[in-house]
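This report describes the architecture of a predicted model. It treats the sheets, the helix packing and the contact between chains in turn.

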Protein chains: 2
Amino acid sequence: MSREQINVGVIGFGTVGVGAVQLLETNADWIAQRVGSRVVVKRVMDVDWSRPRAYPVRPEQQATAVQDILDDPEIDIVIEAVGGVTHAKDAVVGALTRRKSVVTPNKELIAKHGAELLNLAAEAKVDLMFEGAVGGGIPIIRPLKESLAGDRILRLVGIVNGTTNFILTAMSQEGRDFADVLKDAQAHGYAEADPTADVEGFDAMYKIAILSSIAYGGHIDVQTIYHEGITKITAADIEYAHQLGFEIKLLAIGARAGQALDLRVHPAFVPMEHPLASVHGVFNAIFVQGDPVGDLMFYGRGAGAGPTGSAVVGDVIDCARNINHGAAGRVPCRCYQTLPIQPISEVVTGYYIRTCVQDRPGVVGKMATIFGDHGVSLTSVFQPQQAEEETGAAEVVWITHRVQEAKLQAALKEIATLDVVEAIASVIRVEG
Amino acid sequence: MSREQINVGVIGFGTVGVGAVQLLETNADWIAQRVGSRVVVKRVMDVDWSRPRAYPVRPEQQATAVQDILDDPEIDIVIEAVGGVTHAKDAVVGALTRRKSVVTPNKELIAKHGAELLNLAAEAKVDLMFEGAVGGGIPIIRPLKESLAGDRILRLVGIVNGTTNFILTAMSQEGRDFADVLKDAQAHGYAEADPTADVEGFDAMYKIAILSSIAYGGHIDVQTIYHEGITKITAADIEYAHQLGFEIKLLAIGARAGQALDLRVHPAFVPMEHPLASVHGVFNAIFVQGDPVGDLMFYGRGAGAGPTGSAVVGDVIDCARNINHGAAGRVPCRCYQTLPIQPISEVVTGYYIRTCVQDRPGVVGKMATIFGDHGVSLTSVFQPQQAEEETGAAEVVWITHRVQEAKLQAALKEIATLDVVEAIASVIRVEG
């Protein structure tokens with residue numbers, strides 16, 4: 001019952017487009033065996049064909065208008081590799097309404113418009129797949145949708161942004177400061193000229209929204225997700241983290257919290273013995289806690305032509321198999337309801353706090369009393385160095401037990417008013 | 001087009017059967033949403049219903065003969081949870097020939113008879129799924145078959161046996177000897193009364209055969225796989241491993257080696273910085289190198305009612321979705337040809353060698369010369385302790401560069417003939 005040939009159209013021929021086309025053509029025989037049909041890249045659209053690519057396509061494959069792909073009735077599957085939201089969305093809507101299955105690794109598009117697009121796909125009885133949108137080449141979306149479909153997922157914790165993990169790893173291993181490492185990362189192509197989306201946590205926010213939407217079965221309004229970047233992390237914080245047995249990682253968290261979701265992106269202290277603490281450099285990992293499966297972790301390269309190309313082609317093969325079996329939509333979307341997100345003030349977690357104080361008798365006691373008054377209990381307090389002789393200034397580092405964020409903030413607000421407290425220099429959450 | 005109800009029959013109600021039935025019934029609403037049909041456990045077969053279970057089934061579900069499941073025309077999917085090979089195979093063949101899809105976590109059955117059973121399933125146009133056969137609750141088979149279907153897999157390295165990893169972890173962390181830890185593991189239920197299948201590497205051998213068969217697309221004759229257990233690993237070896245920056249793990253390896261496969265199970269030195277070195281206790285992990293995806297790792301609990309139940313239910317949901325879409329067999333088996341396996345003598349890897357020698361001038365030089373004569377080059381040689389005063393005996397520890405096993409064995413054979421060499425106490429491969 002398999003078709004002889006299934007045709008793919010590609011919109012956008014940058015890193016991801018090139019990676020996907022190269023893989024589809026290089027492993028064409030292998031893929032044909034696995035699908036039961038030849039999967040052929042019929043046309044590739046880009047606005048600029050003068051630029052040289054790592055993998056060229058033949059002149060007859062080249063197109064310059066999105067309509068060349070959308071209006072070609074022989075094209076069964078469209079790969080959206082334009083990026084951004086506006087044009088990408090038009091292209092995806094155009095393909096779905098013309099009953100073409102769509103594969104996209106575009107996390108911003110899926111995080112913002114996934115529910116609408118999945119509904120369009122369901123109406124058109126075609127597939128919309130986006131494995132490459134989270135974790136690059138790491139299989140995580142298909143395992144959540146299929147392998148773990150019977151489990152109740154309790155918690156997702158991901159290192160899902162390679163740029164920030166590269167920066168934090170270099171800071172951790174070389175004791176360097178953020179700004180310095182960022183420059184290096186930009187020079188090596190690991191960070192964009194405008195690094196905002198990565199270092200401020202937007203990219204990770206889109207990704208955890210997508211994963212949580214699948215794991216918890218509902219739509220998530222990305223505008224409401226708390227996110228905090230890594231720009232304020234200092235070499236001193238990392239040094240203290242090490243002394244206390246932690247690494248600092250940018251975590252994207254999506255967990256059940258009663259009837260709501262605890263959804264947030266921020267840097268966190270991670271215990272050295274936790275599997276996420278050993279995820280270094282540009283690698284990504286997603287830690288999953290499910291009932292009854294227990295703890296799982298998925299680890300791999302989170303970006304690049306090869307890994308993202310692998311994810312896109314895996315999805316193309318899945319779409320092609322569904323076309324051959326008339327089984328599009330066999331894994332349905334369940335994102336009908338919008339899932340409520342807990343306000344950050346209600347989040348319960350541990351905290352690392354670095355304070356700069358005047359080193360006088362009774363200072364630590366005064367501060368500890370205020371913490372206690374607000375219901376914040378402490379697991380450790382330490383003063384790493386002697387006070388500076390000239391100024392009498394010293395740092396005091398605090399680690400709290402798990403406590404509600406609102407209580408901690410109230411305590412910090414009162415502590416900041418003390419004469420002897422010069423600054424609350426850092427507040428970083430501690431995740432187990 | 002979805003059916004209202006899809007019926008499941010379960011053969012065998014031990015740990016795995018109980019785990020699967022409990023999950024299917026507890027999360028029935030959730031699963032119905034995801035499948036589009038209610039998935040109902042209609043009958044469960046076991047020979048002994050007097051024994052109490054962690055999760056009971058209703059009397060009308062209880063059956064005592066396999067035929068009660070096989071001959072029930074309303075049962076669509078059969079879970080084989082008998083274990084072993086003989087009865088399990090009869091049950092699976094019986095179900096497939098009656099056009100019921102089958103889910104089994106039985107690694108020995110699949111490793112030995114998978115090709116035959118998958119052919120039967122294809123003829124009957126039903127599915128045979130076995131995610132639980134490797135890595136317990138870790139999604140690894142579906143990712144290899146689907147997400148990575150476009151990749152060329154280059155190498156699989158797995159810690160796929162929880163019992164031996166529990167034992168090696170305890171030996172590593174507590175400096176204890178094998179026999180001592182094994183007794184503890186048996187007392188805690190982490191090792192069987194007859195631990196042979198685990199500690200001699202048979203279990204890991206079945207699992208790497210299954211993974212390699214999928215990754216490299218062919219049938220594997222398990223009889224021809226080299227396997228070596230952990231019974232000879234001593235506290236001294238682990239101590240030296242730590243000094244040299246390694247952990248000792250029982251690895252199951254399946255890699256491309258020219259036109260053949262390099263397939264083997266044995267303990268190995270793993271560098272501390274490798275992700276597999278941090279996989280402790282009963283956890284499993286499978287490290288995958290693919291082109292173009294790069295390095296991946298899948299980590300989780302390798303056994304138990306919960307994790308294996310999760311895998312089995314994930315497969316049941318997949319089968320049910322295929323039934324609703326008439327899409328059974330959408331991911332075809334490609335195990336038509338038998339894949340050639342490289343003899344162990346041709347394997348190329350690094351080695352750790354612990355020798356007991358008479359501590360006389362020139363001894364190390366003599367041995368090093370023999371290594372050199374056989375083309376074995378050394379990365380390090382060290383004598384951890386002074387010679388014993390009474391006997392003049394000392395240990396010398398060697399680490400080689402990568403070299404063909406045959407050359408190493410020839411060198412060791414010659415070294416063993418030296419008067420000053422009392423014993424070649426340990427030879428353990430080093431994997432990167």
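## The parallel sheet of chain A

In chain A, six strands form an open sheet in the order 3-2-1-4-5-6, and their pairing is parallel. Strand 3 (62-63) and strand 6 (128-129) of chain A occupy the edges; each has a single partner strand, so one side of each is left without a neighbour in the sheet. Strands of a sheet pair through backbone hydrogen bonds, in either a parallel or an antiparallel sense.

At one edge, strand 5 (residues 101-103) of chain A runs parallel to strand 6 of chain A, and two bridges join them. Within this pairing, A:V102 stands opposite A:L128 in strand 6 of chain A. Two helices are described here as packing on the sheet. Helix 1 of chain A touches strand 1 (5-11), strand 2 (38-45) and strand 4 (75-80) of chain A, and the direction of helix 1 makes about 150 degrees with that of strand 2 of chain A. Helix 4 (residues 86-97) of chain A touches strand 1, strand 4, strand 5 and strand 6 of chain A, and the direction of helix 4 makes about 165 degrees with that of strand 4 of chain A.

## The parallel sheet of chain B

Chain B likewise has an open sheet of six strands in the order 3-2-1-4-5-6, with parallel pairing. The edge strands are strand 3 (62-63) and strand 6 (128-129) of chain B, each of which pairs on one side only.

Inside this sheet, strand 4 (residues 75-80) of chain B and strand 5 (residues 101-103) of chain B run parallel and are joined by three bridges. The bridge partner of B:V78 in strand 5 of chain B is B:V102.

## Helix packing in chain A

The axes of helix 5 (residues 107-124) of chain A and helix 10 (residues 202-216) of chain A come within 9 Å and cross at roughly 50 degrees. That angle makes helix 5 of chain A oblique to helix 10 of chain A, and the crossing of the two is left-handed.

Helix 5 of chain A contributes A:K107, A:E108, A:I110, A:A111 and A:G114 to the contact, while helix 10 of chain A contributes A:D203, A:Y206, A:K207, A:A209, A:I210 and A:S213. By class, the residues of this contact divide into five nonpolar, two polar and four charged.

## Helix packing in chain B

Helix 2 (residues 28-35) of chain B and helix 12 (residues 305-324) of chain B have axes that come within 10 Å and cross at roughly 40 degrees. Helix 2 of chain B is therefore oblique to helix 12 of chain B, and their crossing is right-handed. B:I31, B:R34 and B:V35 in helix 2 of chain B meet B:I317, B:A320, B:R321 and B:N324 in helix 12 of chain B. The residues of this contact comprise four nonpolar, one polar and two charged.

Helix 13 (residues 363-373) of chain B packs with helix 14 (residues 405-416) of chain B at an angle of about 150 degrees, their axes lying 8 Å apart. An angle over 145 degrees counts as roughly antiparallel, which is the relation of helix 13 of chain B to helix 14 of chain B. The crossing of helix 13 of chain B and helix 14 of chain B is right-handed. In this pair, B:M367, B:I370 and B:F371 of helix 13 meet B:A411, B:E414 and B:I415 of helix 14. Five nonpolar residues, no polar residues and one charged residue make up the contact.

## The contact between the chains

Chain A and chain B each give 49 residues to the contact. The elements that give two or more residues on the side of chain A are helix 1 (15-26), helix 2 (28-35), helix 6 (141-147), strand 12 (294-301) and helix 12 (305-324) of chain A. Helix 12 of chain A gives the most, with nine residues. The residues on this side divide into 20 nonpolar, 17 polar and twelve charged.

Strand 12 of chain A pairs with strand 12 (residues 294-301) of chain B in the antiparallel sense over five bridges. Here A:Y299 stands opposite B:M297 in strand 12 of chain B.

## Symmetry of the two copies

A turn of 180 degrees and a shift of 0.0 Å along the axis lay chain A on chain B with an RMSD of 0.0 Å. That is the relation of a two-fold axis. In chain A, the C-alpha nearest the axis belongs to A:F298, 2.4 Å from it. The same surface serves both copies, as 100% of the contact residues of chain A recur in chain B.

Definitions and conventions
Residues numbered from 1 in each chain as written. Chains lettered and ligands numbered in written order. Predicted model: local features only at pLDDT ≥ 70, side-chain atom pairs only at ≥ 80, totals over all residues. Contact = placed C-beta atoms within 7 Å. Helix = DSSP H or I, 4+ residues; strand = E, 2+ residues; numbered from the N terminus. Nonpolar A, V, L, I, M, F, W, Y, C, P; charged D, E, K, R; others polar. Pairing = 2+ DSSP bridges. Axes fitted to C-alpha atoms, helices over the stretch in contact; angles between N-to-C directions. Parallel < 35°, antiparallel > 145°, perpendicular 65-115°, else oblique. Left-handed = near helix turned anticlockwise from the far one by under 90°. Least-squares fit on C-alpha atoms with pLDDT ≥ 70 in both.
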